[in-house]
Amino acid sequence: ETRVAVMAAVEEFCHDEVEKHDEEIVAGAPNALYKTFVLCTANFDMYREIVGGVCKCLRYMFICSNKVAYETYQSGVGRELLSALTEGAEKCLDGTWKDPGHVILEHSLAAVVNICYVPSITLGMETKFGLGDLCASAFIEFDYYDVKAIASTMMTDISTSRRFDKTVLVGERSEILEIMIECCDSFSFKVREIAAKGLWQFSTRKHHKDCLASNHFVRKALIHLLQDAHSGSRAYAAGTLFELAHGCDHTNKVNLAKHANGALLECLANVMKDDLDKNAKLYAARAIKHMISDETTKLIANHSVLMNTVTTIAEENDEDGAVKKEVLKILKKLVSSSN
């Protein structure tokens with residue numbers, strides 16, 4: 001009877017209609033789902049299939065208006081669910097719960113992602129470290145790419161949100177960056193794009209810029225992303241290089257310009273010239289512009305592929321106006337720095 005009721009709820013509740021979710025939540029769905037989750041997980045072996053269905057419903061619970069999501073979280077249900085779902089995911093990872101196909105793990109992690117994105121909430125310190133370790137475990141231990149994509153989304157948010165601390169690229173939290181880099185080489189375009197977004201989010205924080213720009217493996221990952229078949233990955237990679245070149249020190253501008261004998265510059269030139277994504281083209285041009293300094297002028301001016309691209313764009317009449325404007329600034333800056 002419980003199984004039939006939960007399966008019916010799954011069919012009814014798993015949708016993306018915000019207004020309908022608002023009505024369902026105000027009517028008491030969160031408390032009902034939470035109580036069912038606690039009841040069934042207490043007797044997991046008997047109700048395993050039901051737990052998977054409840055987790056799927058919980059995944060959709062916070063797909064509602066920001067106001068209702070915030071009120072639901074503050075009512076206590078959000079905190080209780082975050083704790084219960086995290087504990088459940090950990091049990092899937094350590095084998096306490098048998099989870100064929102990782103159904104419970106996937107939906108639990110996705111539900112936690114949606115809870116973490118509720119506006120204006122503050123997550124406690126103990127939750128932060130629990131989520132970071134959970135995400136790292138989910139990524140390292142499984143080849144299930146929906147789970148990896150969800151875990152990498154969570155790690156990106158945990159690592160860059162102003163609600164969390166700054167020490168994520170060094171010491172005990174450094175595995176988050178390592179996992180992001182590994183994601184950049186995934187066969188799943190979804191995982192690669194999420195990883196690219198993660199690197200871009202890292203790069204927007206002033207205290208991360210030099211650490212990222214000096215990291216050989218970050219630069220190598222950005223080359224892969226700039227050549228990705230999906231425009232989102234290319235745009236995020238170009239945006240990351242713009243942020244790094246704009247804020248890193250002179251030594252790291254040299255590191256970027258010299259990387260792999262100018263391969264990074266060549267990839268930026270190709271994106272600037274041929275990419276169909278206007279944001280990718282613009283960020284690539286801005287990245288090159290901000291990479292120019294007294295120490296890099298000669299390197300950049302002697303890069304034949306880059307300079308051919310720059311002069312071609314500068315002479316074309318049908319080139320995008322914003323990109324052409326940046327290219328002219330590149331030429332002006334090269335001339336100014338060489339004098």
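**Entry 1: helices α3 and α4**

I began with helix α3 (residues 29-42) and helix α4 (residues 44-61) in this predicted model. I found that their axes come within 8 Å and cross at roughly 155 degrees. An angle over 145 degrees counts as roughly antiparallel, so I entered α3 as roughly antiparallel to α4. I noted the crossing of α3 and α4 as left-handed.

I then looked up which residues meet. From α3 I listed Pro30, Leu33, Thr36, Phe37, Cys40, Thr41 and Ala42. On the α4 side I listed Phe44, Tyr47, Ile50, Val51, Val54, Cys55, Cys57, Leu58 and Met61. Sorted by class, the contact of α3 with α4 has 14 nonpolar and 2 polar residues, and no charged ones.

**Entry 2: helices α13 and α14**

I turned next to helix α13 (residues 216-226) and helix α14 (residues 231-247). Their axes also come within 8 Å, and I recorded a crossing of roughly 140 degrees. I therefore described α13 and α14 as oblique to each other. The crossing of α13 and α14 is left-handed.

In this contact, α13 contributes Leu222, Leu225 and Leu226. The residues from α14 are Ser233, Arg234, Ala237, Ala238, Thr240, Leu241 and Leu244. By class I entered 7 nonpolar, 2 polar and 1 charged for the contact of α13 with α14.

**Entry 3: the nonpolar cores**

Which residues have the most contacts inside the largest nonpolar core? I found Leu222, Leu226, Leu256 and Met272, in a core of 56 residues. Helix α15 (residues 250-274) supplies the largest share of this core, 9 residues. Apart from this core I found another, of 48 residues, with Ile25, Cys57, Ala111 and Val147 among them.

Two residues of α13, Leu222 and Leu226, had already appeared in my list for the contact with α14. Cys57, which I had listed in α4, is among the residues of the core of 48.

I also looked up what Met272 touches, leaving aside residues up to four places away in sequence. The list is Lys281, Ala284, Ala285, Ile288, Leu306, Thr309, Val310, Ile313, Val323, Val327 and Ile330.

**Entry 4: the chain as a whole**

How many helices and strands does the chain have? I recorded 19 helices and 0 strands. Of the 339 residues in the chain, 54% are buried. Finally, I considered contacts in the chain between residues at least 6 apart in sequence. Of these, 70% join residues at least 24 apart.

Note on methods: Residues numbered from 1 in each chain as written. Predicted model: local features only at pLDDT ≥ 70, side-chain atom pairs only at ≥ 80, totals over all residues. Heavy atoms only, no water. Axes fitted to C-alpha atoms, helices over the stretch in contact; angles between N-to-C directions. Helix = DSSP H or I, 4+ residues; strand = E, 2+ residues; numbered from the N terminus. Parallel < 35°, antiparallel > 145°, perpendicular 65-115°, else oblique. Left-handed = near helix turned anticlockwise from the far one by under 90°. Contact = heavy atoms within 4.5 Å. Nonpolar A, V, L, I, M, F, W, Y, C, P; charged D, E, K, R; others polar. Core = buried A, V, L, I, M, F, W, Y, C linked by side-chain atoms within 4.5 Å. Buried < 20%, exposed > 50% of the residue type's maximum accessible area, 1.4 Å probe, protein only.
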